[in-house]
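Trainee: I'm new to this structure and would like a close look at just one part of it. Could you walk me through the salt bridges and the place where the helices pack?

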Amino acid sequence: MPRRPRLTYPGAAYHVYTRGNNRERIFHAESDYAAFWDRVGVVAGRMGWRVYAAARMPNHLHLVFGTPEDNLSPGMQALLTWYAQRLNRRTGRIGHVFQDYALFPHMTVSENIGYGIRDKTGRRARTEELVR
């Protein structure tokens, strides 16, 4: 059974979550993290997104951003496809890197931002620290 279409709309803020296929690592080295976050900046710039927060773990990631246009799906496709191709070339593997991505668009930025995002000490990040 196919998944239901994602509900997206202009001017929305999203908390997007994705993880590695079979919960495998998606970041293997610091260079992977750096390349991914550089690409987040490129895609955000092209799509006009405003990135509010980001969190990375070895096998999954969270992004919180606003989209002035209804362009979430093409932007995420560009971002995740680029990274999957890069990682597969670099590591000599084939196949899927990401399981899928989930989004939570029904919260306002102030409710959503900082949800579950913690600093290196484990302290929950405050909204004003993330929006600077």
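Mentor: Let's start with Arg56 and Glu30, which form a salt bridge in this predicted model. Their closest N and O atoms are 3.9 Å apart. Arg56 sits in strand 2 (residues 50–56) and Glu30 in helix 1, so to speak two distant parts of the chain, 26 residues apart, linked by one pair. How open are the two partners? Arg56 is partly exposed, at 36% relative accessible area, while Glu30 is exposed, at 55%.

That's one of the four salt bridges the structure holds. Now move along to Asp32, also in helix 1. Its side chain meets that of Arg86 in a salt bridge, 2.9 Å from N to O. This pair again joins distant parts of the chain, since Arg86 belongs to helix 2 and lies 54 residues from Asp32. Both Arg86 and Asp32 are buried.

Asp32 has another partner too: Arg90, with the closest N and O atoms 2.8 Å apart. Arg90 is in helix 2 as well, so this salt bridge ties together parts that are 58 residues apart in sequence. Asp32 is buried, with a relative accessible area of 0%, whereas Arg90 counts as partly exposed at 40%. Put the pieces together and you get a network of salt bridges linking Asp32, Arg86 and Arg90.

Next, have a look at the two helices that carry this network. Helix 1 covers residues 30–47 and helix 2 covers residues 72–91. They pack at an angle of about 155 degrees, and their axes are 10 Å apart. An angle over 145 degrees counts as roughly antiparallel, and therefore helix 1 and helix 2 are roughly antiparallel to each other. Their crossing is right-handed.

Which residues make the contact? From helix 1 come Ser31, Asp32, Ala35, Phe36, Arg39, Val40, Val43 and Met47. Across from them, helix 2 brings Pro74, Gly75, Leu79, Leu80, Trp82, Tyr83, Arg86, Leu87 and Arg90. Sort the residues of this contact by kind and you find eleven nonpolar, two polar and four charged. Asp32, Arg86 and Arg90 are among the residues that meet here, and they're the ones you just saw joined in the salt-bridge network.

Technical notes:
Residues are numbered from 1 along each chain as its sequence is written. This is a predicted model: local features need pLDDT of at least 70, side-chain atom pairs count only at pLDDT 80 or more; totals for chains, interfaces and linings use all residues. Side-chain values use heavy atoms; hydrogens and water are left out. Axes are lines fitted to C-alpha atoms, for helices over the stretch in contact, and angles run from 0 to 180 degrees between N-to-C directions. Helices (H or I, at least four residues) and strands (E, at least two) are DSSP runs, numbered from the N terminus. Angles under 35 degrees count as roughly parallel, over 145 as roughly antiparallel, 65 to 115 as roughly perpendicular and the rest as oblique. A crossing is left-handed if the near helix is turned anticlockwise from the far one by less than a right angle, and right-handed if clockwise. Contact means heavy atoms within 4.5 Å. Ala, Val, Leu, Ile, Met, Phe, Trp, Tyr, Cys and Pro count as nonpolar, Asp, Glu, Lys and Arg as charged, and the others, Gly among them, as polar. Buried means under 20% relative accessible area, exposed over 50%, partly exposed in between (1.4 Å probe, protein chains only).
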